[in-house]
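Hi,

Here is the structure I said I'd pass on. Have a look, and my notes on the cavities and the ligand follow below.

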Amino acid sequence: MNETMTEPSRQTPVLASADVLVIGGGPAGISAAIGAADAGASVIIAERYGFLGGIPAICNMEPSSWCRQKNTVMPGGVQALLEKKMLAYGAAEEPLFQPSASYNYDTEMLKFVVDELMEEHHIRPVYHCLVTEPYIESGAIKGVFIESKSGRQALLGKRVVDCTGDADIAALCGAPFEKCNLGRDEKEDMMYGTLIFGASNVDISKVRDNLSIHPEMLDRVRHEFISDGFSKARADHYPIPPNGFQNQVIFNRMTRGEVTAINRVRVPVDGNDVLSLTQAEILSRKEALDTLELLRRYEPGFEDATLRQFATAVGVRETRRIIGNYQLTLEDIIGERKFDDSVGVYPVCMDGPKLCRSAMTNAHFQIPYRIMIPQAVDNLLVAGRSVSATKDATHTTRGVDFCMITGQAAGIACALSIKDGLPVRNVPVSRLQEILQHQGVRIS
Ligand SMILES: Cc1cc2nc3c(=O)[nH]c(=O)nc-3n(C[C@H](O)[C@H](O)[C@H](O)COP(=O)(O)OP(=O)(O)OC[C@H]3O[C@@H](n4cnc5c(N)ncnc54)[C@H](O)[C@@H]3O)c2cc1C
């Protein structure tokens, strides 16, 4: 790694520099960093929290590939690498919702496992830093400014991958993007946010017994646990906490006396608005406790349940999407479209309020490189849930494994563009595909 301390300005010291700067350490960022490092680049990954993992780790989101079934075509690459390591640590378990073939991750172990991955791939993480501004020269991004307990500093990179999930860097660079409304028009609404929480002192055998008597309580396709506690509560005129599913909770891992991730609360949130985020946190915590009280009263096994944890932050599902060189559509997904610039495959599955479909067959589509290329700025790629896609396509493109493929491809493309001395938009796709395949990614 190049540690030369050149200053972009007298006031702002340079903390470090590398070939590739990855901003945001979620599924896309982790994959971008590994993809770039394995393709020969020095890499820094900058993250605002004290750990990597993104939504899965921040929000205790356990089943990253919940859509996956026996015949599902999986992308491979970093997704498979991470899964193998989580299994080796005993940190991934089979799902409650058989015959699903996904795993539920222990989202605390995930943080540790990803630290190890970074070390093994010689990637330098910088935690506890919020990237606040791009450093641009002649229309090309050359680094970013960060704010942290060390004050304002700069990180320099020859190429930058925006994996913030919010397209923060692309937007600050002036790249065009789309974003839905908050509660104005149902069709164009941003998806709700969720604060996942966990419960201790749960009688797991009683929960399991109840499930075996009432198998209809498990929606195996949507991975939802349909709690009959809600109907009992309703019959009793007990108030159902209003901001959430009205007849169900979703949970995945059940360990010794604990249900670690209860996913029920749904609140409106704009993840780019600090006051909206504040309000969502406060409302969600109240709603989570009210839900726990309902479960205590009406759900067998939860009689003595206590709060185990609130997730680190409310989970934001949707914010900005760049308008890139191509916009992926729902028709592309359902039509199993193939692209010349494919950087990976992803199963035909959706996870949205109105569109939910598991990957029951081997149907899959190809992901075009162009959805990661923003307009109006050079040296920058965008990976993860803010790639260029239409609103209805985001029910697919926000999937963790989808985000990982785009990350890995973006990381490799950056390394390749440095090697070849080309802008990222002109990277030779055949070479990109060659390296992706070499790194274990299925591209067709
Ligand atoms: C409650 C919830 C449940 C979900 N359930 C599922 C599911 O079951 N299966 C599934 O596949 N998907 C699920 N998703 C969607 C999925 O988790 C996300 O779409 C996916 O994690 C996006 O990955 P990403 O890497 O693009 O962004 P993220 O996971 O959001 O990661 C972005 C990272 O960047 C960091 N960051 C952001 N801005 C900055 C900045 N300015 N400076 C420094 N760091 C920054 C963040 O802290 C974060 O670590 C769920 C989402 C939510 C919210």
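A cavity here is a set of grid points, taken over the protein atoms alone, where a 1.4 Å probe fits but cannot get out. Bear in mind that this is a predicted model. Going by that rule, there are 2 cavities of 30 Å³ or more.

The largest cavity holds about 110 Å³ of space. Its lining has 16 residues, and Leu82, Tyr105, Leu110, Val400 and Met404 are the closest to its centre. Helix 1 (27-38), helix 3 (78-88), helix 4 (107-120) and helix 11 (400-420) each put at least two residues into that lining. By class you get 9 nonpolar, 5 polar and 2 charged residues.

The second largest cavity comes to about 60 Å³, and its lining has no nonpolar residues, just 4 polar and 6 charged ones. Among them are Arg317, Glu318, Arg320, Arg321, Arg385 and Arg398.

Now the ligand. There are 33 residues around it, with Glu47, Arg48, Ser64, Arg398 and Val400 coming nearest. As for polar contacts, a ligand oxygen is 2.9 Å from a polar backbone atom of Ile55. One ligand nitrogen lies 2.9 Å from a backbone N or O atom of Val131, and a polar side-chain atom of Asp168 is 3.1 Å from a ligand nitrogen. On its own the ligand exposes 1,000 Å², of which the protein buries 96%.

Helix 1, helix 2 (55-58), strand 6 (130-137) and helix 11 each give two or more residues to the ligand shell, and helix 2 has the largest share, with 3 residues. The shell splits into 16 nonpolar, 11 polar and 6 charged residues.

Cheers

Conventions:
Residues are numbered from 1 along each chain as its sequence is written. This is a predicted model: local features need pLDDT of at least 70, side-chain atom pairs count only at pLDDT 80 or more; totals for chains, interfaces and linings use all residues. Side-chain values use heavy atoms; hydrogens and water are left out. On a 1 Å grid over the protein atoms alone, a cavity is a set of points where a 1.4 Å probe fits but cannot get out, and a pocket is an open set with protein on both sides within 12 Å along at least five of seven lines; lining residues have an atom within 4 Å of a point. Grid points are joined across faces, edges and corners, and a volume is the space filled by probe spheres set on the points. Helices (H or I, at least four residues) and strands (E, at least two) are DSSP runs, numbered from the N terminus. Ala, Val, Leu, Ile, Met, Phe, Trp, Tyr, Cys and Pro count as nonpolar, Asp, Glu, Lys and Arg as charged, and the others, Gly among them, as polar. A residue is near a molecule or strand if one of its heavy atoms lies within 4 Å of it. A polar contact is a pair of N or O atoms within 3.5 Å; within protein, one must be able to donate a hydrogen and the other to accept it, and residues adjacent in sequence count only if both atoms are side-chain atoms. Accessible areas come from the Shrake-Rupley method with a 1.4 Å probe; for residues, only the protein chains shown count as cover.
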